[in-house]
Amino acid sequence: MNYKEGIKPASASLESYGIKGAIERWNLHPATLADIAVERNMATLASSGAIAVNTGEFTGRSPKDRFIVEDEITRDSVWWGDINIKFPADKFDQLANKMAAYLSGKEVFVRDSYACADENYRLKARVVNEYPWSNQFVSNMFIQPSESELVNFDPEWVILNAPGFHADPAVDGTRQHNFSILNFSKKMILVGGSGYTGEIKKGVFSALNFILPHQRNTLSMHCSANVGKQGDTAIFFGLSGTGKTTLSADPNRALIGDDEHGWSGENTIFNFEGGCYAKAIDLSAEKEPDIFRAIRPGAILENIVYKKGTNEVDFADGSITENTRVSYPIDFIDNIVRPSIGKNPKNIFFLTADAFGVLPPISKLTPGQAMYHFISGYTAKVAGTEVGVTEPVPSFSACFGKAFMPLHPSVYAEMLGKKMQEAGVNVWLINTGWSGGSYGTGERIKLRYTRAMITAALDGDLENVAFREHPVFGLQMPEDCPNVPNEILNPRDTWADASKYDAIAQDLANRFHKNFTQFADNCSAEILSGGPKAKATV
């Protein structure tokens with residue numbers, strides 16, 4: 001195959017990372033990378049023109065195999081524990097040398113990119129990939145420099161990515177053969193033993209989630225964001241399955257980004273990414289038209305299955321994994337902000353899919369409640385989502401992204417509280433889950449009602465309505481909302497048995513309290529006051 005080589009920066013040398021004698025492919029065009037992957041049977045071509053790859057053994061992130069090197073920078077700053085796991089500096093050096101030796105003499109694909117749309121906070125990253133489609137993923141997901149910028153590109157961070165390299169846990173200090181390790185002193189990330197591309201993306205964002213709050217006075221957030229025609233920005237926090245991507249994709253508002261953002265001291269909301277990495281399970285043109293249209297040449301599908309005898313994707317088939325994905329450049333979405341930057345938000349939405357049917361479909365939060373619920377990061381798993389789950393199970397992920405937050409959650413929460421106060425932001429808790437009973441008894445709140453509630457909040461239609469306080473959680477529930485039946489606004493009124501509602505509401509409140517004990521010692525009195533009441537007063 002003949003193809004045009006990309007630009008190699010003037011001072012670039014892979015030997016500086018210990019990689020010797022490699023066949024170097026620098027900054028190739030994404031279409032070229034796709035062609036290489038298909039030609040070498042590393043990918044197939046779907047009917048839409050996108051390529052489809054199988055990431056192998058791992059079809060999702062492996063949080064227990066993510067490490068941070070303990071050194072002078074991180075020792076007293078990182079929130080160490082089951083998510084941020086300590087790794088010895090000497091073992092990192094040993095593993096980096098072994099990875100470099102593994103990549104030496106091989107064909108490698110190198111991509112120079114930016115993270116952060118705001119140039120004042122831009123991070124320069126160089127990614128060395130073993131596979132061409134991994135390099136195309138980097139091109140899709142990060143911000144690409146111009147040709148003139150590439151000529152003298154000098155990276156701050158370097159990522160070595162080798163899915164085919166397996167660590168030896170007994171020698172290398174890892175838990176098993178796969179690993180993702182951040183070194184803040186050397187500004188280097190190692191990702192090995194896993195073909196799941198999300199490890200690359202989240203490695204860079206984990207670095208930013210340390211650097212921006214700790215060193216740049218900028219809040220990093222796992223959220224989506226959009227902007228209205230009047231320039232008003234809205235932010236949507238939420239865990240998987242709560243509607244973060246769906247609800248931020250509003251035809252009347254332009255998308256800033258769908259996953260990772262910073263809130264700067266200069267009052268900007270900026271996207272970390274240059275692309276989107278959307279779930280593809282059960283995707284359809286009717287449910288997610290923007291995402292569906294983005295699956296075209298240049299996009300990468302991960303772990304999908306074709307309809308028998310064709311190269312047409314069966315989006316309902318989760319036989320490889322329920323975590324099927326598609327990555328594509330953000331400009332594959334028509335209605336976007338260019339560059340991906342907005343002003344201070346006017347409204348923030350915390351999304352939760354409460355399968356217990358307890359939380360109101362919309363409620364307004366005080367600053368203390370906002371910080372408390374931000375640290376809690378609550379949603380619920382429903383029966384059938386995991387083996388052994390037969391009834392709703394609460395799921396808490398601090399800051400709606402615990403798995404890639406290196407600092408203590410209170411650090412992010414305090415920054416959020418300060419910025420909310422300075423900007424005069426309204427914060428809303430939106431329940432996209434169940435009403436009229438728990439999962440299996442009640443019904444999921446209709447999407448059109450959720451959209452109507454968010455629209456009402458954005459348009460200021462809830463500013464002059466009466467509110468009542470939730471007796472257990474202390475949340476302020478509007479008594480009226482345009483285009484939403486009043487009878488669903490107070491969840492207790494939707495249950496056939498109000499006493500059963502009271503009992504389940506108190507049980508959920510107790511679970512909130514129990515989860516929060518791990519954070520309480522580091523939290524202010526204002527944050528602690530934002531939790532559910534100790535006892536129900538219904």
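## A mixed sheet and a long-span helix check

Strand β4 (residues 66-69) and strand β5 run parallel and are joined by three bridges. One such pairing can be followed by residue, since phenylalanine 67 has isoleucine 85, in β5, as its bridge partner. In this predicted model, helix α2 (residues 89-103) packs on the sheet, and its direction makes about 60 degrees with that of β10. The strands that helix α2 touches include those in the table below.

| Strand touched by α2 | Residues |
|---|---|
| β6 | 107-115 |
| β7 | 123-129 |
| β8 | 157-162 |
| β9 | 179-183 |
| β10 | 188-192 |

The sheet itself is open and has eight strands in the order β1-β6-β7-β8-β10-β9-β4-β5, with mixed pairing. Its edge strands, β1 (23-26) and β5 (85-87), each pair on one side only, and neighbouring strands of the sheet are turned by 25 degrees against each other on average, direction ignored.

Another part of the chain holds helix α12 (residues 498-516), whose 19 residues should span 27 Å at 1.5 Å a residue, and because its end C-alpha atoms are 27 Å apart, the model agrees with that expectation. Buried residues of α12 include Tyr501, Ile504, Leu508, Phe512 and Phe516, and the buried residues of this helix pack against α9 (367-376), β22 (378-381), β23 (393-396) and α13 (525-528).

As for confidence, the protein chain averages a pLDDT of 94, and 97% of the residues score at least 70. Over residues 383-387, however, pLDDT stays under 50, and the model has six contacts beyond four places in sequence for this stretch. Where pLDDT is low, the predicted coordinates should not be read in detail.

Methods: Residues numbered from 1 in each chain as written. Predicted model: local features only at pLDDT ≥ 70, side-chain atom pairs only at ≥ 80, totals over all residues. Heavy atoms only, no water. Helix = DSSP H or I, 4+ residues; strand = E, 2+ residues; numbered from the N terminus. Expected span 1.5 Å × (residues − 1). Buried < 20%, exposed > 50% of the residue type's maximum accessible area, 1.4 Å probe, protein only. Contact = heavy atoms within 4.5 Å. Pairing = 2+ DSSP bridges. Axes fitted to C-alpha atoms, helices over the stretch in contact; angles between N-to-C directions. pLDDT = per-residue confidence, 0-100.
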